[in-house]
Amino acid sequence: MSRRPAPALPPLTIDYAGERLAGVDEVGRGPLVGAVVAAAVILDPARPIAGLTDSKALTARRREALDAEIRRDALAFAVAEASPAEVDEYNIYHATHLAMRRAIDALSPAAEFLLVDGNRLPGHHVPGQAVVKGDARHPAIAAASILAKVARDAQMLALDARHPDYGFARHKGYPTREHLAALARLGPLPEHRRSFGPVRRQLALF
């Protein structure tokens, strides 16, 4: 039986017509370890970047090439994070919005309007709209998703270099079978999110 194609997303109507529109996205809500990373990007209409789409649909090499283009050609960009301790203190939902607000605040020039991936705005004073599947529907959100993904993957590679037995270079901190087995065998690291169930359960055993 053939699968039906996914329904097309409706056209995106944006309540802003200026040039200082920032796309905002995050990476790292689901992993058991490390920061949640957010990015904000104001693209330059005079220097369009081809191939911007959801970072998960791109190879690592293509993401890294686009990351360099975005950093070179965007009008403004910023990458920020909320630490594992902040994830534990505020919960992942609030920590994600904290990271987004930090990225928005770091933009220079400042944004006048936000397009945020998802269904909720992060509680920033700059007006904006939330866009479900926004990283596939607007290039500025796609650019933010790419910067955030490249930055967080680099953090996982650095953590893998310090703790190679956990496999972070492969699973990027997500709760894969390999990661859960390493967690059970070796115990949590300081970078693990203590409020997440698999980590909390292991902490009770060590």
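User: Before we start, what does "buried" mean here, and why is Asp44 called buried?

Analyst: Buried means under 20% relative accessible area, exposed means over 50%, and partly exposed lies in between, with a 1.4 Å probe and protein chains only. Asp44 has 16% relative accessibility, so Asp44 counts as buried. A word on the source: this is a predicted model, where local features need pLDDT of at least 70 and side-chain atom pairs count only at pLDDT 80 or more, while totals for chains, interfaces and linings use all residues. Residues are numbered from 1 along each chain as its sequence is written, and side-chain values use heavy atoms, leaving out hydrogens and water.

User: Thanks! What makes Asp44 and Arg47 a salt bridge?

Analyst: The term asks for a side-chain nitrogen of Lys or Arg within 4 Å of a carboxyl oxygen of Asp or Glu. For Asp44 and Arg47 the closest N and O atoms are 3.5 Å apart, so the pair forms a salt bridge. Arg47 also meets Asp73 in a salt bridge, at 3.6 Å from N to O. That pair links distant parts of the chain, 26 residues apart.

User: Which residues are linked in a network of salt bridges?

Analyst: Asp44, Arg47, Arg72 and Asp73 are. Asp73 has a relative accessible area of 10%, so Asp73 is buried, whereas Arg47, at 38%, counts as partly exposed.

User: How do you know whether Lys56 is buried or exposed?

Analyst: Lys56 has 63% relative accessibility and therefore counts as exposed. Its salt-bridge partner is Asp54, with the closest N and O atoms 3.2 Å apart. Asp54 is buried because its relative accessible area is 15%.

Conventions. Helix = DSSP H or I, 4+ residues; strand = E, 2+ residues; numbered from the N terminus.
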